[in-house]
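Please open the model in your viewer, with the sequence panel alongside, and keep a selection tool ready. The stops below move from one helix to the next, then to the domains, a few single residues and the ligand.

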Amino acid sequence: MSVNDLSSYWMPFTANRQFKAAPRMIVGAQGLYFQTSDGREILDSTAGLWCSNAGHGHPHIVEAIQTQAADLDYAPPFQMGTPIQFALASRLVGMAPESFGQVFYCNSGSEAVETALKIALAYQRARGEGTRTRLIGRERGYHGINFGGISVGGIVGNRAMFGAMLAGVDHLRHTHDPERNRYSQGMPAHGADLADDLERMVALHGAHTIAACIVEPVACSTGVLVPPAGYLQRLREICDRHGIVLIFDEVITGFGRLGTPFAAQRFGVTPDIITMAKGLTNGTVPMGGVLTRGDIYDTLCEAAAAGAIELPHGYTYSGHPLACAAAMATLDVYQKDGLFERAAAIEPYWQNAIHSLRGTRHVTDIRNLGIIAGIELEAGPEGPGTRGFEVYRRCWEAGVLIRVTGDIVALSPPLTVEEHHIDRMVETLRDTLSSVD
Ligand SMILES: Cc1ncc(COP(=O)(O)O)c(C=O)c1O
């Protein structure tokens, strides 16, 4: 392809001009490997974009999508249903913490976040707390790229170009404290008290104005910030004390990434709403979802007149048959292959291997939990992000796909990863870091 052939596609979250001058093209994927247009195999250390938890091209998932496309390609989701939507919902509720009762479908993590925020607002209103309209997010949080998500999100670069955001949003401080927690293995020891920021918001704004608080249990896209021990428990207690809906954005942490169905189970903290996407369909067909506590649904139903639509919200592709089929097959694979247990079993090996990079040139911190790792580098002389990108580029040349946010390397391979894959990821990174300026 000539450079001109690449000009029509405006690529997302990509330095378009830089990419088009030196493209990286993927044409196939199987198991833990991508195939490139120049015939190379690339080891996938990122499960695509945190989503291909069962690896690529799983035959059971492929077949389910093909069969569903032939049987029922589409049915409108408003005022009618398709059996597979209900079957999937029962299965998802069955995997969620006990108090959860329903799931609402959408098509991405960003839509799941918008949906969760709207459900929280509607629930507060339905239970007679209509003054609760404020939303609390957290600095460095990533909740997708729609207006609600960037408003509660805390990544400056994703907000700066886009105006005034939603009104009535405030942010907790982030939990990153390298001075006290550098090179923590698993959950850092210091920082549970940062949850008290929510008490500060209550003191400032009044609990009667706050509808919901949304956090990622592990803040991944900002460079893997693992919650300090006790932090999420404390947030839960404060929400309970003040009638605030607690939303866990589990778009990444759901579906085994932490060795449990959801992070809620790993941390033993039950939120009121859980968002999901990505691993729900193993990344094969776009799908998101919002799990809610049973009484949230009941409250909205009781507040609406008989025959009325209880929640005026939904998407043309909510519960799309292909997405539901992909999700059902994905859950089969997770279950039959015991992938969540597998992730838990390999976590100690993963942790040791990743932390063996301590002392490697440029590395200033290493963080991990479940099958996730963040390796922070000192910024290069040409400014923030340039060294990170060069490491990314060189690893790609060496046949390993990593992810970088600025100068932080983030790794999250499929849960089918084996020790020899981990060794290759770590050795490639070690060699690359040693040779890059
Ligand atoms: C926690 C979280 N929420 C929301 C999103 C947005 O998901 P999507 O890109 O599917 O819209 C992401 C994406 O990485 C995420 O990590």
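Select helix α10 together with α9 (197-205), β7 (210-215), β8 (245-249) and α11 (263-267), since these are the elements against which the buried residues of α10 pack. Contact here is taken between residues whose C-beta atoms, placed from the backbone, lie within 7 Å, and helices (H or I, at least four residues) and strands (E, at least two) are DSSP runs numbered from the N terminus. What you are looking at is a predicted model, in which local features need pLDDT of at least 70 and side-chain atom pairs count only at pLDDT 80 or more, while totals for chains, interfaces and linings use all residues. Residues are numbered from 1 along each chain as its sequence is written.

Now colour the buried residues of α10, which are Y231, L232, L235, R236, I238 and C239. Seen down the helix axis, these buried residues fall within an arc of 165 degrees, so they line one face of α10; the arc is that of the directions from the helix axis to the C-beta atoms. The face turned away from this buried side carries the exposed residues D240 and R241. A residue is called buried if 20 or more other C-beta atoms lie within 10 Å of its own, exposed if 12 or fewer, and partly exposed in between, with C-beta atoms placed from the backbone.

How far apart are the end C-alpha atoms of α10? They are 17 Å apart, which agrees with the 16 Å that the 12 residues of α10 (residues 231-242) should span at 1.5 Å a residue, the expected span being 1.5 Å times one less than the number of residues. The helix is followed by G243, whose phi is positive, near 70 degrees.

Move next to helix α13 (residues 321-336), where the 16 residues should span 22 Å and the end C-alpha atoms are indeed 22 Å apart. Of these 16 residues, 12 are buried, so α13 is largely enclosed by the rest of the structure. Among the buried residues to pick out are P321, L322, C324, T330, L331, V333 and Y334. To see their surroundings, add α3 (59-71), α4 (83-95) and α14 (339-355), against which the buried residues of α13 pack. Just after α13, stop at G338, which takes a positive phi of about 55 degrees.

Then colour the model by domain: the assignment gives domain 1 (3-54 + 338-435) and domain 2 (63-336), with bounds that come from an automatic or database domain assignment. The centres of the two domains, taken over C-alpha atoms, are separated by 26 Å, and 31 residues of domain 1 are in contact with 29 residues of domain 2. On the side of domain 1 that touches domain 2, at least two residues each are supplied by α2 (47-50), α14, β11 (363-369), β12 (372-377) and β15 (408-411). The largest share of that side, seven residues, comes from α14.

By class, the side of domain 1 that touches domain 2 has 15 nonpolar, 11 polar and five charged residues. Ala, Val, Leu, Ile, Met, Phe, Trp, Tyr, Cys and Pro count as nonpolar, Asp, Glu, Lys and Arg as charged, and the others, Gly among them, as polar.

A few loop residues come next. G254, in the loop between β8 and α11, is buried, with 30 other C-beta atoms within 10 Å; not counting residues up to four places away in sequence, G254 touches F262, M276 and G279. K278 has a positive phi of about 40 degrees although it is not a glycine, and K278 is found in the loop between β9 (273-276) and β10 (288-293), where it is buried, with 27 other C-beta atoms within 10 Å. M165, in the loop between α7 (156-159) and β6 (169-172), also has a positive phi, near 65 degrees, but M165 counts as partly exposed, with 14 C-beta neighbours inside 10 Å.

Finish at the ligand, where S108, G109, S110, G144 and V251 come nearest of the 14 residues around it; a residue is near if its C-beta atom, placed from the backbone, lies within 6 Å. Helix α5 (residues 109-126) gives the most to this shell, with three residues.

Key:
Two residues are in contact if their C-beta atoms, placed from the backbone, lie within 7 Å.
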